[in-house]
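Open the model in your viewer with the sequence alongside, and follow the selections below in order.

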Amino acid sequence: MEGHHHQYSSGLHIDTGGSRGSGGGGVGAGDNLTHWSIQETRDFLMIRAELDPSFMEIKRNKILWEIIAIKMREKGYNRSPNQCKWKWKNLTIRYKIEQKTYILTQKQRVLKQKQRRFKNFILNRNRKAL
């Protein structure tokens with residue numbers, strides 16, 4: 001089954017699904033071509049969260065992605081440091097997109113409520129004038 005892939009002007013590639021696989025050791029965004037299960041993503045996020053303070057302190061974090069790949073391997077997943085890095089980038093981008101979409105949806109709901117209230121106000125005012 002083919003996945004859906006999005007290429008953004010920034011050069012980042014987002015994988016929204018794809019074929020099941022163990023993952024290779026390629027370079028860059030192309031590493032994201034294999035599907036991550038929900039459980040694998042949860043495990044990845046738990047490992048990444050454990051190392052979050054280190055990511056805040058260390059500028060060059062290549063070694064941290066290697067540690068994450070090793071910990072993923074210990075859990076039975078075969079992911080390269082690059083795959084882990086790109087998965088994190090994709091998740092953060094998707095989170096930001098979802099957050100913006102949610103905010104816009106909330107604003108649209110508020111606007112529709114205001115429009116309904118105004119319409120009802122005008123209708124009631126016109127009825128009273130008759």
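A contact, throughout this tour, means heavy atoms within 4.5 Å. With the whole protein chain displayed, consider that among its contacts between residues at least 6 apart in sequence, 49% join residues at least 24 apart. This is a predicted model, in which local features need pLDDT of at least 70 and side-chain atom pairs count only at pLDDT 80 or more, while totals for chains, interfaces and linings use all residues. Residues are numbered from 1 along each chain as its sequence is written, and side-chain values use heavy atoms, with hydrogens and water left out.

Next, colour by secondary structure, taking helices (H or I, at least four residues) and strands (E, at least two) as DSSP runs numbered from the N terminus. The protein chain has 4 helices and 4 strands, and along the sequence they follow the pattern β-β-β-β-α-α-α-α. Of the 130 residues in the protein chain, 28% are buried (under 20% relative accessible area, where exposed is over 50% and partly exposed lies in between, with a 1.4 Å probe and protein chains only).

Now select helix α3, residues 62-74, and within it Met72, which is buried with a relative accessible area of 0%. Displaying its surroundings, and leaving aside residues up to four places away in sequence, you will find that Met72 touches Trp36, Glu40, Asp43, Phe44, Ile47, Tyr77, Arg79 and Cys84. Ile47 is 25 residues from Met72 in sequence, yet their C-alpha atoms are 7.9 Å apart.

Finally, add helix α1, residues 38-50, whose axis comes within 10 Å of that of α3 and crosses it at roughly 135° (axes are lines fitted to C-alpha atoms, for helices over the stretch in contact, and angles run from 0 to 180 degrees between N-to-C directions). The contact is made by Glu40, Asp43, Phe44, Ile47, Arg48 and Glu50 of α1 with Trp65, Ile68, Lys71 and Met72 of α3.
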